[in-house]
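Biologist: I should be grateful for a close look at a single part of this predicted model, namely its loops. Please then place that part in the setting of the whole chain and of the ligand site.

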Amino acid sequence: MTEKQDYEVLVLGAGVSGIYQIKRLVDLGVDALVLEADDDLGGTWYRNRYPGARFDSESYTYGYSFSKELLDEWDWRERFSPQPENLRYLNFVADKFGLRQHMHFNARVASMHWQEAKCQWRVETQTGQVYTARFVITGIGVLSVPTEPRYPGMDSFKGQAFHTYWWPKEPLDLTGKRVGVIGTGATGIQVISEIADKVGELKVFQRRPNWSTPLNNSPISTAEMDDIRARYDDIFAQCAESPNSFVHTPDRRGFDNLTKAERIAFWDELYASPGFAILAGNFPEVLMQEAPNQEMSEYVANRIRERVKDPALAEKLIPKDHGFGTQRLPLETRYFEAYNRDNVHLVDLQDSPIECITQTGIRTTTDEHELDVIVYATGFNAITGGFDKLEVKGVDGQLLGDKWKDGPSTYLGLTTHGFPNLLMVAGPQSVSGSTNFPRAIEGAVDWVTELVQHVREQGHTRFEPSQEAEQAWVEEVKRVQQKLLARQSQGWFTGYNSNVVGHEVGTVRYQAYFGGGPKYASILKKAAAEGYDQLEMS
Ligand code: NA7
């Protein structure tokens with residue numbers, strides 16, 4: 001029997017986005033299939049198995065909100081749940097709603113070509129399997145393409161070496177091992193904190209330090225979970241009103257209306273509060289204006305100085321090149337205390353850059369570091385990386401890669417001109433890269449699904465955004481980004497990645513919409529209410 005190849009909708013990716021997307025389509029009776037590159041579902045939570053991987057979002061704001069039954073049945077055990085539990089949750093959802101039968105695994109899409117005459121997409125996997133579909137919806141994630149440095153000799157290392165994204169599935173005993181971690185972003189900080197007291201010796205290769213503040217994780221008791229369950233409506237309503245879609249809302253008392261002592265007392269509270277309170281519950285001025293940002297940065301620097309015993313080492317861990325919150329804020333659990341341990345050593349790459357990887361470790365300009373394991377916590381080709389890996393050919397054979405050569409260009413982060421019937425959940429220039437991810441994608445999946453329904457009901461077969469609508473959205477994305485102190489930051493939010501050509505220092509890209517969840521939701525709602533009049537349909 002030959003396998004069915006033609007579907008009305010193909011969904012790319014069985015992560016957080018793809019799971020909800022297929023649920024909505026199946027409920028509507030749409031003939032749809034998910035193609036997943038990996039051998040199982042879960043996306044980010046399937047892959048990132050490194051020790052310490054966990055939510056920075058309160059767990060109960062990360063779960064899906066669409067099903068009361070699901071909310072009733074699932075118990076979160078920690079305020080910031082770890083990766084194994086998160087993967088278990090996504091499997092629970094897929095199994096509960098029978099979604100696995102609508103997924104093909106080991107189906108890494110290599111190319112997607114628009115066939116105008118047939119008004120359909122021709123999708124081919126790396127193994128040569130061909131599918132066709134009227135609509136394609138991507139749910140390929142914002143942090144799904146890991147990037148490694150390009151140091152000479154990387155292949156010659158005789159020990160174990162891997163990117164955190166590819167941390168081995170089989171248990172890895174690090175007891176007594178000499179481990180090197182390159183990178184101190186959110187991932188590096190999680191892994192370093194977790195393994196510091198488990199390895200023989202840990203060397204952290206830091207190029208630029210990041211600001212980082214306590215996660216303040218704690219278990220969730222049964223009674224607390226019952227209370228959370230009773231408040232789910234309020235919790236999700238609170239997220240819907242918060243710019244970053246967390247349970248934290250900015251403090252609008254006015255930075256200058258308080259004395260410095262009052263501000264510090266407030267920051268002491270935030271420093272001891274869970275999650276992103278210190279970012280999302282802070283004064284908005286901290287992220288928008290130089291002087292408040294400097295005062296806040298100095299406050300956090302002093303907290304680091306209190307926690308790291310060696311003053312010279314503390315200074316090396318304090319960022320000097322960017323202000324607090326202007327890059328993605330990693331949250332930590334005893335990260336700074338790790339450096340007080342005798343078996344943990346910071347290798348400052350600003351003093352002695354890496355020259356090469358050798359058979360036995362890492363050579364810097366001044367030292368030879370003998371290692372058993374090298375961990376590349378070196379980040380991702382964020383937000384647009386998943387698209388760069390696909391050969392997407394639109395109208396008249398235009399390549400999406402060519403169109404987006406200098407940065408993405410979309411209408412609402414969901415569609416792009418010249419690529420009909422292509423919808424992107426968590427696409428570039430949406431809020432998915434800049435807010436609490438599941439809150440953003442639920443809104444996007446709902447919008448996308450309702451659009452597909454609308455197109456079908458109107459008897460149309462093709463749509464794409466007008467060039468003018470797309471241009472207007474790109475201008476809005478730029479306008480908002482230019483208001484933030486983060487606009488020049490060397491972080492993945494703004495497309496920086498030293499390991500990807502075209503993303504190095506000095507290149508500013510407009511990859512995400514920073515206007516906040518509530519504003520974005522209202523823009524989507526308006527677009528739908530106005531009959532999607534910015535989309536050309538036929
Ligand atoms: P990030 O935040 O992009 O951090 C990557 C880190 O790796 C950062 O410290 C980089 O230093 C460092 N890096 C990257 N390339 C190199 C080379 N070639 N040499 C030395 N150091 C290097 O990625 P994460 O995985 O930590 O976090 C990504 C998101 O995943 C995170 O925000 C969460 O949402 C989940 P640099 O700053 O470039 O000097």
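Modeller: A426 lies in the loop that runs from β18 (422-424) to α17 (437-457). The backbone of A426 has a phi near 65 degrees, a positive value in a residue that is not glycine. A426 has a relative accessible area of 3%. Because the limit for a buried residue is under 20%, A426 is counted as buried, although its place is in a loop.

A second loop, the one between β4 (109-115) and β5 (120-125), holds C119. Here too phi is positive in a residue other than glycine, with a value near 50 degrees. The relative accessible area of C119 is 9%, so C119 is likewise buried.

As C119 is a cysteine, the matter of disulfides follows. A disulfide joins the sulfur atoms of two cysteines by a covalent bond. In this model the number of disulfides is zero, the criterion being a pair of cysteine sulfur atoms within 2.5 Å. C356 may be set beside C119 in terms of exposure: its relative accessibility of 14% places C356 among the buried residues.

The setting of these residues is a protein with 19 helices and 20 strands. Its radius of gyration is 23 Å, close to the 24 Å that the globule rule gives for 538 residues, so the protein is as compact as a globular protein of that length. Along the principal axes, the C-alpha atoms occupy a box of roughly 70 × 60 × 50 Å. Buried residues make up 58% of the 538 in the protein, and A426, C119 and C356 are among them.

There remains the ligand site. The ligand is surrounded by 21 residues, of which Y151, T187, R207, W492 and Y496 are the closest. By character, this shell consists of 10 nonpolar, eight polar and three charged residues. Several polar contacts involve oxygen atoms of the ligand. The side chain of T187 places an N or O atom 2.6 Å from a ligand oxygen, and the side chain of R208 does so at 2.9 Å. From A186 the contact comes from the backbone instead, where an N or O atom is 3.0 Å from an oxygen of the ligand. Of the 780 Å² that the ligand exposes when taken alone, the protein buries 87%.

Methods:
Residues numbered from 1 in each chain as written. Predicted model: local features only at pLDDT ≥ 70, side-chain atom pairs only at ≥ 80, totals over all residues. Heavy atoms only, no water. Buried < 20%, exposed > 50% of the residue type's maximum accessible area, 1.4 Å probe, protein only. Near = heavy atom within 4 Å. Polar contact = N/O pair within 3.5 Å; in protein donor to acceptor, adjacent residues only side chain to side chain. Areas by Shrake-Rupley, 256 points an atom, 1.4 Å probe, with all protein chains shown as cover. Nonpolar A, V, L, I, M, F, W, Y, C, P; charged D, E, K, R; others polar. Helix = DSSP H or I, 4+ residues; strand = E, 2+ residues; numbered from the N terminus. Rg over C-alpha atoms; globule rule 2.2 N^0.38 Å.
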